[in-house]
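Got your viewer open? Keep a selection box handy and follow along, one stop at a time.

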Amino acid sequence: MKIFTVMLAMIIASMATPAAAYDPAPDSNIALAQGEWHGELTYNDYSNPGSLVSIPTRMFAAMSSPTTLVLQLTFDDGPGKTVYSYESLTFEFAADRVRWTSGVTEPEVLDATIVANTLEDGVRTIILERLTDETLIRYTLELSAQQFSLATHEVSDPGDATFRNRYLLDRP
């Protein structure tokens, strides 16, 4: 009888579904960014002020945690010249902060404040700002199921915004 009870207990224990410790889903504010994107980077050519340059750009975005968006960018910078960029943005939505790490060889870490986060007609708009010694830098991320846009502007004291660059990417 004792052996039967032990065997029955072992069978029942082996049938029990273990409680899995699943990681949380990606944050809904940035989850749409995941995947492959194609488009262009347009930037203000400082060697020829006021002249805009556009280069073909591909991006792959993934989540390394529920609130960390990792971007791998590839730029076609002319015949035989491919340039790569690696970015990591860790969002702390409850604290209205973002830590942005740019580059691998000599990483630059920037801290920015989330000043707006809205969802309208399927477009998530997140506006980040950071103050440097000279000026305010504003980043505007607009994200939908089919389009990724990230624009950077320098904002002067009277509030005038000067265009620096913009990624405008679509799903292939």
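**A stop at Arg164**

Let's start with one residue: select Arg164, which counts as partly exposed because its relative accessible area is 26%. Keep in mind throughout that you are looking at a predicted model.

Now add Glu154 to the selection. Glu154 and Arg164 form a salt bridge, and their closest N and O atoms are 3.4 Å apart. Glu154 sits in strand S9 and Arg164 in strand S10, so this pair ties together parts that are 10 residues apart in sequence. Glu154 is partly exposed too, given its relative accessible area of 27%.

**The two strands around that pair**

Widen the selection to residues 147-155, which is strand S9, and 161-170, which is strand S10. How many bridges do these two strands share? They pair over nine bridges, in the antiparallel sense. For one rung of that ladder, pick Thr152: its bridge partner is Asn165, in S10.

**Zoom out to the whole chain**

Switch to a cartoon view and show everything. The chain holds one helix and 10 strands. Going along the sequence, you meet them in the pattern α-β-β-β-β-β-β-β-β-β-β.

What do the 10 strands make together? They close into a barrel, running in the order S1-S2-S3-S4-S5-S6-S7-S8-S9-S10, with antiparallel pairing. From one strand to the next, the twist averages 25 degrees.

While you're zoomed out, try a surface view. The accessible surface of the chain is about 11000 Å², and carbon and sulfur atoms account for 56% of that. Of the 172 residues, 30% count as buried. Turning to contacts between residues at least 6 apart in sequence, 30% of these join residues at least 24 apart.

**More salt bridges**

Side chains of opposite charge can pair when their charged atoms come close. The count of salt bridges here is five, and you've already visited one of them, Glu154 with Arg164.

For another, select Asp111 and Arg99. Their side chains meet in a salt bridge with an N to O distance of 2.7 Å. This pair links distant parts of the chain: Asp111 belongs to strand S6 and Arg99 to strand S5, 12 residues apart. Asp111 is partly exposed, with 46% relative accessibility, and Arg99 is also partly exposed, with a relative accessible area of 42%.

Then go to Lys81 and Asp77. The closest N and O atoms of this salt bridge are 3.4 Å apart. Lys81 counts as partly exposed at 46% relative accessible area, and Asp77 counts as partly exposed at 30%.

**Thr82 and its contacts**

Select Thr82, in strand S4. Is Thr82 buried, exposed or partly exposed? Thr82 is partly exposed, because its relative accessibility of 46% falls between the 20% and 50% cut-offs.

Next, show what Thr82 touches. Setting aside neighbours within four places in sequence, Thr82 is in contact with Thr74 and Phe75. If you have a distance tool, try Thr82 to Thr57: the C-alpha atoms are 9.9 Å apart in space, while the residues are 25 apart in sequence.

**A nonpolar patch**

Go back to the surface view and color Tyr84, Tyr86 and Val104. Together they make a nonpolar surface patch of about 330 Å². Val104 is in the loop between S5 and S6 and counts as exposed, at 58% relative accessibility.

**Two aspartates with positive phi**

For the last stops, look at two loops. Select Asp96, in the loop between strand S4 (82-92) and strand S5 (97-102). What is the phi of Asp96? It is positive, about 55 degrees, although Asp96 is not a glycine. Asp96 counts as partly exposed, with 39% relative accessibility.

Now jump to Asp121, found in the loop between strand S6 (108-120) and strand S7 (123-131). Here phi is near 55 degrees, again a positive value in a residue other than glycine. Is Asp121 buried or exposed? Asp121 is exposed, because its relative accessible area of 77% is over the 50% cut-off.

Terms used. Residues are numbered from 1 along each chain as its sequence is written. This is a predicted model: local features need pLDDT of at least 70, side-chain atom pairs count only at pLDDT 80 or more; totals for chains, interfaces and linings use all residues. Side-chain values use heavy atoms; hydrogens and water are left out. Two strands pair if DSSP finds at least two bridges between them. Helices (H or I, at least four residues) and strands (E, at least two) are DSSP runs, numbered from the N terminus. Axes are lines fitted to C-alpha atoms, for helices over the stretch in contact, and angles run from 0 to 180 degrees between N-to-C directions. Buried means under 20% relative accessible area, exposed over 50%, partly exposed in between (1.4 Å probe, protein chains only). A salt bridge is a side-chain nitrogen of Lys or Arg within 4 Å of a carboxyl oxygen of Asp or Glu. Contact means heavy atoms within 4.5 Å. Accessible areas come from the Shrake-Rupley method with a 1.4 Å probe; for residues, only the protein chains shown count as cover. Patches are made of residues with over 30% relative accessible area and no salt bridge: like charges are joined within 9 Å, nonpolar side chains (Val, Leu, Ile, Met, Phe, Trp, Tyr) within 5 Å.
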